[in-house]
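Got your viewer open and a hand on the mouse? Load the model below, and we'll walk through it one selection at a time.

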Amino acid sequence: MVRSDYIRRVFTQGHGLDLTMTKPEKDQFSIEVHQSITGIDADTWDRCANPPWRPYNPFVAHAFLKALETSGSAVAETGWLGQHMQLKSGDGETIAVMP
């Protein structure tokens, strides 16, 4: 679910993650944590979670995770704590997601 080519290049250049609440500089990163998958745009999520060069995995698709949440299958009462993570570059581009 990570654009590994980008992450590999970033970390080999010695950049780290910016976990502050301030707007990151262009060469920094920020992580947003969403309690519901609906907090992340479906197209953005699916571009990272199911890139075209990898086999499609329906279990990480935005629609599947949303269906789990809206049906009540993946909620606090069933032991699920939504913490969907979105890694963004300093210019706001989503470069990785994690359910």
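Here is a tour that goes from the whole chain to single residues.

**Before you click**

This is a predicted model, so a few ground rules apply: local features need pLDDT of at least 70, side-chain atom pairs count only at pLDDT 80 or more, and totals for chains, interfaces and linings use all residues. Residues are numbered from 1 along each chain as its sequence is written, and side-chain values use heavy atoms, with hydrogens and water left out.

**Stop 1: the whole protein**

Show everything as a cartoon. You should find 3 helices and 3 strands, in the order α-β-α-α-β-β from the N terminus. Helices (H or I, at least four residues) and strands (E, at least two) are DSSP runs, numbered from the N terminus.

Now switch on the surface. About 6,500 Å² of the protein is exposed, and carbon and sulfur atoms supply 56% of that; this accessible area comes from the Shrake-Rupley method with a 1.4 Å probe, and for residues only the protein chains shown count as cover. Of the 99 residues, 33% are buried. Buried means under 20% relative accessible area, exposed means over 50%, and partly exposed is in between (1.4 Å probe, protein chains only).

**Stop 2: helix 2**

Select residues 42-49, which make up helix 2. Which of its residues are buried? They are Thr44, Trp45, Cys48 and Ala49. Look down the axis of helix 2: these buried residues fall within an arc of 120°, so they line one face of the helix. The arc is that of the directions from the helix axis to the C-beta atoms. Why does that pattern come up in helices? An α-helix has 3.6 residues a turn, so residues three or four places apart point the same way.

Spin to the face turned away from the buried side, and you'll meet the exposed residues Asp43 and Arg47. Then show what covers the buried side: helix 3 (62-70), strand 2 (84-89) and strand 3 (94-98) are included.

Zoom in on the start of helix 2. There, a side-chain oxygen of Asp41 comes to within 3.3 Å of the backbone nitrogen of Asp43.

**Stop 3: the nonpolar core**

Select Ile37, Ile40, Trp45, Cys48, Ala49, Val60, Leu65 and Val97 together: these 8 residues are the largest nonpolar core. Helix 2 gives the largest share of this core, 3 residues. A nonpolar core is a set of buried Ala, Val, Leu, Ile, Met, Phe, Trp, Tyr and Cys residues joined through side-chain atoms within 4.5 Å.

Pick out Cys48 while you're here. Cys48 has 4% relative accessibility, so it counts as buried. Its C-alpha is 8.1 Å from that of Thr94, though Cys48 and Thr94 are 46 residues apart in sequence.

**Stop 4: helix 3 and His62**

Move on to helix 3, where His62, Leu65 and Glu69 are buried. Seen down the axis of helix 3, these buried residues fall within an arc of 75°, so they line one face of the helix. They pack against helix 2 and strand 2. On the other side of helix 3, look for the exposed residues Ala63 and Thr70.

Now click His62, which has a relative accessible area of 6%. A polar atom of its side chain lies 2.9 Å from the backbone oxygen of Ile40. Not counting residues up to four places away in sequence, His62 touches several others, including Thr38, Asp41 and Trp45 (contact means heavy atoms within 4.5 Å).

**Stop 5: the hairpin and His84**

Select strand 2 and strand 3. They pair in the antiparallel sense over 4 bridges, and they form a hairpin with 4 residues between them. In the turn, Gly92 has a positive phi of about 90°. Find Gln86, and you'll see Val97 of strand 3 opposite. In strand 3, 4 of the 5 residues are buried, so this strand is largely enclosed by the rest of the structure.

Last click: His84, in strand 2. Is His84 buried or exposed? His84 is buried, with a relative accessible area of 0%. What does its side chain make a polar contact with? The partner is the side chain of Glu69, at 2.7 Å.

Terms used
A polar contact is a pair of N or O atoms within 3.5 Å; within protein, one must be able to donate a hydrogen and the other to accept it, and residues adjacent in sequence count only if both atoms are side-chain atoms. Two strands pair if DSSP finds at least two bridges between them.
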